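Me: I am new to this structure and should be grateful for a close look at its cysteines. Please then connect that account to other side chains and to the helices.

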Amino acid sequence: MRSPQRSHLSARRMLRLLLLAQAAAALAIAAGAWRWSGMSALAAVLFGAGLVLLVRLLINANNFFLSSRSASATPAEFRLKAGAGLRLFGEEFAASMLQSSWSMPRAAPRQVIYAGGTCPPSPVLLLHGYGCNSGYWTALTALLDGARISHATLDLEPVTGDIDGYVPAVQRACEALCAAAGAPKLIIVAHSMGGLVARAWLRVHGAHQVARVITLGTPHHGTCLAGFGVGRNAAQMRRARIDTSMPSRAGDGLENAWLGELAAGESAQTRALITSIYSHHDNIVSPQTSGLLEGARNLAFGGVGHVALGRNGRVLACVMGEIAAAQRAA
């Protein structure tokens, strides 16, 4: 049974406008090339599209450059050779293009319920990250459908809103999903900022409704790249200062006030419900050890970029394993 939620989908409209702007730029370049260089119409169109694609590639490369300026030390077992580094960049660029140009502009929140037995397994609520929407989860929802696991996606709006302001929408989605699935508890899987939203929700509503919270690439102690973002949520994710000599830890002076207050309100029992999956090559969360959350189950990966965490086969297999373990425990 599918019952999509109503949403303004402002992130979707924003991405569609960006796609239109890119298409207009490509056509303008193509028209100029056709008129002034004598190119054929097809060659001019390919030239215009290629230049726009090159700009997108350079933006992606710049993210890696900016993250390298505040990167934490990469453990020896996660260091990459040149070929693996190219695969990392290629996978992240492909994931970014696919998500922003196809999946997210077409997305709408959905709820999918699979009939269970007398004790149905915990359903899964998916929370996306900054500047994204429910379309980020296309790869994982396909796996959940294959395993017949009930799940729902949610658009966190407004795009630049207060993280605490998303909590009521998360609570409504939790109540609706548990009621529809007939389950007392659910599992939350959250990417990037979505992990902070999940923790903010736990602070308000407690842990009695949740079997597990699984975060992917969440800046639990902030990220230096959030300084380039706009909105209240970006400010709440900013790193107070740069110090890559030591792993991030709660209370070490690196977090901003909001992150410090969030951490201070969590008990050891709450932290024990969280699995934090992060990458030592994250190109948005920097320093990358910001993914380490004391008291949580921390699982480190290498060779995976920030957006690609939601599509990488190794990471998704890990997520499905954590979901299965949480359902068995519940």
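Reply: In this predicted model, Cys174 has a relative accessibility of 1% and therefore counts as buried, the limit being under 20%. Cys178 also falls in the buried class, with a relative accessible area of 12%. As to bonding, the structure holds 0 disulfides. Cys174 takes part in none, and the nearest cysteine sulfur to its own, that of Cys178, is 6.4 Å away. Seen from the other side, the closest cysteine sulfur to that of Cys178 belongs to Cys174, and the 6.4 Å between them is too far for a bond, because a disulfide requires sulfur atoms within 2.5 Å.

The aromatic side chains may be considered next. A pair of aromatic rings is described by the distance of the centres and the angle of the planes. The model contains 3 aromatic pairs. One of them joins Phe64 and Phe89 in a tilted arrangement, with 5.7 Å from centre to centre and 55 degrees between the planes. This pair links distant parts of the chain: Phe64 lies in helix α2 (residues 41-68) and Phe89 in helix α3 (residues 82-103), 25 residues apart. Phe64, at 17% relative accessibility, is classed as buried, whereas Phe89, at 22%, is partly exposed.

Phe89 also pairs with Phe93, and here the rings are stacked, their centres 6.4 Å apart and their planes at 5 degrees. Phe89 and Phe93 are separated by about one helical turn, because they stand 4 residues apart in helix α3. An α-helix has 3.6 residues a turn, so residues three or four places apart point the same way. Phe93 is buried, at 14% relative accessibility. Through these ring pairs, Phe64, Phe89 and Phe93 are joined into a cluster.

A further ring has a charged partner: the charged end of Arg106 sits over the ring of Trp102, 4.1 Å from its centre.

Helices α2 and α3 appear again in the surroundings of helix α1, since both are among the elements that cover the buried residues of α1. Those buried residues are Ala11, Leu15, Ala26, Ala30 and Ala33. Helix α1 covers residues 10-37, a run of 28 residues. From its first C-alpha to its last, α1 reaches 40 Å, close to the 40 Å expected at 1.5 Å a residue. After α1 comes Gly38, which has a positive phi, near 80 degrees.

Conventions
Residues are numbered from 1 along each chain as its sequence is written. This is a predicted model: local features need pLDDT of at least 70, side-chain atom pairs count only at pLDDT 80 or more; totals for chains, interfaces and linings use all residues. Side-chain values use heavy atoms; hydrogens and water are left out. Rings of Phe, Tyr and Trp (its six-membered ring) pair if their centres lie within 6.5 Å; planes under 30 degrees apart count as stacked, over 60 as edge-to-face and the rest as tilted. Helices (H or I, at least four residues) and strands (E, at least two) are DSSP runs, numbered from the N terminus. Buried means under 20% relative accessible area, exposed over 50%, partly exposed in between (1.4 Å probe, protein chains only). A charge sits over a ring if NZ of Lys or CZ of Arg is within 6 Å of the ring centre and within 35 degrees of the ring normal. The expected span of a helix is 1.5 Å times one less than its number of residues. Contact means heavy atoms within 4.5 Å.
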